[in-house]
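Please work through the following exercises with the sequence and the model side by side, trying each task before reading its solution.

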Amino acid sequence: MKKSNIILSGVGGQGILTIAAALSLAALRENLNIKQAEVHGMSQRGGAVQSHLRISDGRIASDLIPKGRADIILSIEPVEGMRYLPYLSENGLLITNSKPFVNVDNYPDPDFILGEIKKIKGSIILDADDMAKEAGSVRTSNIVMLGAASPYICVDTGSIENALARIFDRKGHEVVEMNLRAYRMGREAARR
Amino acid sequence: MDKLLLLGDEAIAQGAIDAGLSGIYAYPGTPSTEITEYVQRNSYARQNGLHSDWSANEKTALEAALGMSYAGKRAMACMKHVGLNVAADPFINSAMTGIAGGLIVVVADDPSMHSSQNEQDSRFYGMFAQVPVLEPSTQQEAYDMAYAGFGLSEKFRLPVLMRITTRLSHSRAGIIRKEQLNQNPFSLPDDPRQFVLLPSIARKRYKILLETQVSLEDNALKSGFNVLREGKEHKLGIIACGIALNYLEENFPAGIPYPVLKIGQYPAPKRMLQDLVSACDSIMVIEEGYPLIEEGLRGILNNSPKPVHGRLDGSLPRDGELNPDLVGEALGVTGQQGPEIPEFMIDRPPALCKGCGHIDTFKALLEALEPYGPGRTFSDIGCYTLGALPPYNAINSCVDMGASVTMAKGAADAGLFPSVAVIGDSTFTHSGMTGLLDAVIENSPVTVVISDNETTGMTGGQKSSALGRLESICLGLGVNEKHLRVITPLRKNHDHNVGVMMEELKYQGVSVIISRRECIQTAARRKRSK
């Protein structure tokens with residue numbers, strides 16, 4: 001049985017909806033069922049945002065993932081992933097970018113945060129911003145993170161690359177190539 | 001046919017287009033905005049000239065949709081729940097006139113108030129107007145109901161209210177489409193007096209509306225949107241309305257052991273309710289919103305023949321959005337849970353974007369008001385409402401669209417001076433203009449700051465009806481030219497802007513200060529699309 005319950009998290013504007021769109025398109029191509037709940041409106045303005053993405057070859061009832069049932073929390077920001085820890089399943093993975101997004105005064109010490117994340121069973125930390133710069137632009141850090149999670153998601157990597165190509169197609173060949181580079185770098189890094 | 005991956009909102013739009021929609025009318029409002037935006041983007045809709053421009057407010061939208069229905073065509077009006085308060089007059093009265101071409105009024109409720117002032121449940125409006133109400137449980141059903149809703153509307157010659165909530169509005173799933181229907185031909189109503197609600201005619205129309213109720217109930221039993229499912233264990237019967245059904249099913253992956261009545265069409269199917277209540281020892285009602293069915297079952301004397309559980313007895317929370325965990329808990333299904341949220345977790349509330357013009361407007365206003373002390377700034381609905389939060393703490397009210405101007409006037413009438421309104425450009429043309437007219441007529445000492453970002457920002461940058469018209473509107477309403485000031489909210493203009501504001505705050509009459517700078521999000525999008 002194929003099944004992935006994924007919580008995507010970050011701060012408004014970090015591009016979690018692009019990750020959701022790529023995975024949904026890829027899953028649709030493989031004829032899998034999808035439900036993907038996202039946040040629009042007021043909370044998008046620099047606030048905490050999340051998306052519940054469910055992919056399965058069986059029927060999906062709820063648009064929201066119940067607590068303790070997320071296979072993956074994929075976070076573009078270290079603190080934001082921890083906000084959804086109660087949703088993580090027993091064997092679930094917390095895959096997070098190490099680069100903090102600081103837009104509040106009381107942001108905790110980043111080194112302390114990373115230490116806390118390392119204590120969580122099943123956590124994978126990578127510096128997506130660094131890899132994104134190497135791929136061509138720091139703006140592709142969300143795609144690096146998608147790559148990092150991709151080995152653990154029930155969708156073929158070919159379908160995800162195909163979806164990325166379709167999403168970035170209208171921005172031109174170079175942007176497509178840059179995002180594919182970012183995706184592959186993330187995928188490689190998480191496998192190591 | 002391939003599945004389309006659509007938000008609940010988009011599924012409604014696609015269903016309406018496929019059902020032969022001729023026009024959609026709306027004012028943007030979370031979580032309803034994406035319905036109209038989808039029609040605006042849709043190539044079939046563009047090629048076939050479907051109307052999809054934004055309206056000035058929800059009332060004008062619903063009235064225009066009713067006019068399109070008068071002319072025989074299928075029309076849709078869309079709004080958020082509080083928008084239906086604005087459009088309540090045409091909505092209630094459209095049930096009295098009835099319709100010609102099919103008319104669906106889509107209302108997106110926002111339980112848990114993710115982006116709203118309250119969490120009112122629009123099903124009550126449907127009951128109030130005595131029209132059919134559709135409430136989808138899935139994106140596919142949202143599509144199917146929009147598709148079938150026009151036929152339902154035309155069958156009973158009544159508007160249909162379609163109620164959706166945030167979670168379904170903004171969640172995507174695969175949709176299977178039906179056959180594309182043609183638009184209705186243009187026609188005039190058979191009865192030239194149908195839409196004339198003079199008291200003598202209105203009394204007849206109301207009798208017709210009342211007589212139709214029996215058929216509406218009968219239709220609710222047969223429509224297929226209400227389904228009574230058998231279950232092995234009869235100690236409990238469950239009623240699940242709309243999206244609540246999904247949360248229920250999530251908790252019983254191997255199948256629900258109890259009988260379940262799924263409700264998706266109102267008036268509530270009485271016979272199905274009777275069958276469920278008589279077959280089961282107690283009833284659990286799961287509703288996303290207010291306890292409408294639950295209150296009905298309990299009755300005003302709380303003398304239901306069987307115990308009723310739900311939001312009123314604490315089985316489910318009295319307020320807020322449902323989720324699979326809350327529903328599981330109510331039914332005694334215990335789940336697992338991951339690690340606790342760490343204690344060092346921070347709040348990250350929404351904030352005005354870095355570089356936003358509203359920030360410079362607030363900074364100037366705060367400085368200009370400093371000699372007078374706090375508590376004199378009434379504000380409104382939009383991004384600038386975030387000016388209530390630190391570090392600005394700049395506004396003292398946010399009630400409903402346009403209320404800043406009228407509340408400032410009322411407070412001025414009570415002796416507050418200076419009394420200030422801060423309102424956005426789109427909110428001003430939505431409902432601020434009429435209040436400004438009140439102030440002009442009495443020459444009330446109010447200072448109205450229109451924080452003009454040349455767009456409808458909070459909902460994602462839709463076209464503002466105020467664009468290019470603010471000065472002429474204000475002058476046309478009678479604002480004195482000398483006290484209509486235009487400033488550009490930039491840091492380099494701060495001292496000048498404070499000066500202008502101080503001058504106008506001193507004036508014992510109506511001043512309007514237009515503080516104009518394009519929304520940085522809209523500007524960036526415009527540059528990218530070039």
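The exercises below go from one chain to the contact between chains and then to details of the backbone.

This is a predicted model, in which local features need pLDDT of at least 70 and side-chain atom pairs count only at pLDDT 80 or more, while totals for chains, interfaces and linings use all residues. Residues are numbered from 1 along each chain as its sequence is written, and chains are lettered from A and ligands numbered from 1 in the order in which they are written.

**Exercise 1. Chain A as a whole**

Describe the secondary structure of chain A and determine what its radius of gyration agrees with.

Solution. Begin with the elements, which are DSSP runs numbered from the N terminus (helices are H or I with at least four residues, strands are E with at least two). Chain A has 7 helices and 6 strands, and along the sequence they follow the pattern β-α-β-β-β-α-β-α-β-α-α-α-α.

Next take the radius of gyration, computed over C-alpha atoms and set against a globule rule of 2.2 Å times the number of residues to the power 0.38. For 192 residues a compact globule would come near 16 Å, and the 15 Å of chain A agrees with this. The C-alpha trace of chain A spans about 45 × 40 × 40 Å along its principal axes.

Finally consider burial, where a residue is buried if 20 or more other C-beta atoms, placed from the backbone, lie within 10 Å of its own, exposed if 12 or fewer do, and partly exposed in between. Buried residues account for 56% of the 192 residues in chain A. Helix H5 (residues 141-149) of chain A has 9 of its 9 residues buried, and is therefore largely enclosed by the rest of the structure; among them are Ile143(A), Val144(A), Met145(A) and Leu146(A).

**Exercise 2. A sheet with strands from both chains**

Trace the open sheet of 8 strands and locate where chain A pairs with chain B.

Solution. Two strands pair if DSSP finds at least two bridges between them. With mixed pairing, the order is S6(A)-S5(A)-S4(A)-S1(A)-S3(A)-S2(A)-S7(B)-S1(B). At the edges stand strand S6 (123-126) of chain A and strand S1 (4-7) of chain B, each of which pairs on one side only. The twist from one strand to the next averages 20°, where angles run from 0 to 180 degrees between N-to-C directions and axes are lines fitted to C-alpha atoms, for helices over the stretch in contact.

Within chain A, strand S4 (residues 70-75) and strand S5 (residues 88-97) are parallel and share 5 bridges, and Ile73(A) has Leu94(A) as its bridge partner in S5(A). Between the chains, strand S2 (residues 33-37) of chain A pairs with S7(B) in the antiparallel sense over 3 bridges, with Lys35(A) opposite Ala173(B).

**Exercise 3. The second sheet and its helices**

Establish the strand order of the open sheet of 6 strands in chain B, and identify helices that pack on it.

Solution. The order is S2-S3-S4-S6-S5-S11 in chain B, again with mixed pairing. Strand S2 (21-26) and strand S11 (265-266) of chain B each have a single partner strand, so one side of each is left without a neighbour in the sheet. Helix H2 (residues 33-41) of chain B packs on this sheet, touching S2, strand S3 (74-80) and strand S4 (103-109), and its direction makes about 135° with that of S2(B); residues are in contact if their C-beta atoms, placed from the backbone, lie within 7 Å. Helix H4 (residues 58-70) of chain B lies across S2, S3 and S4 of chain B at about 165° to S3(B).

Although S2(B) is an edge strand, 6 of its 6 residues are buried, so S2(B) is largely enclosed by the rest of the structure. S2(B) runs parallel to S3(B), to which 5 bridges join it, and Leu21(B) has Arg74(B) as its bridge partner.

**Exercise 4. Backbone details in chain B**

Locate the cis peptide bond that ends at Pro391(B) and the one that ends at Pro418(B).

Solution. The bond from Pro390(B) to Pro391(B) is cis with omega near 5°, and Pro391(B) lies in the loop between strand S14 (377-378) and helix H16 (403-413) of chain B. The bond from Phe417(B) to Pro418(B) is cis with omega near -10°, and Pro418(B) lies in the loop between H16 and strand S15 (419-424) of chain B.

Definitions and conventions
Contact = placed C-beta atoms within 7 Å.
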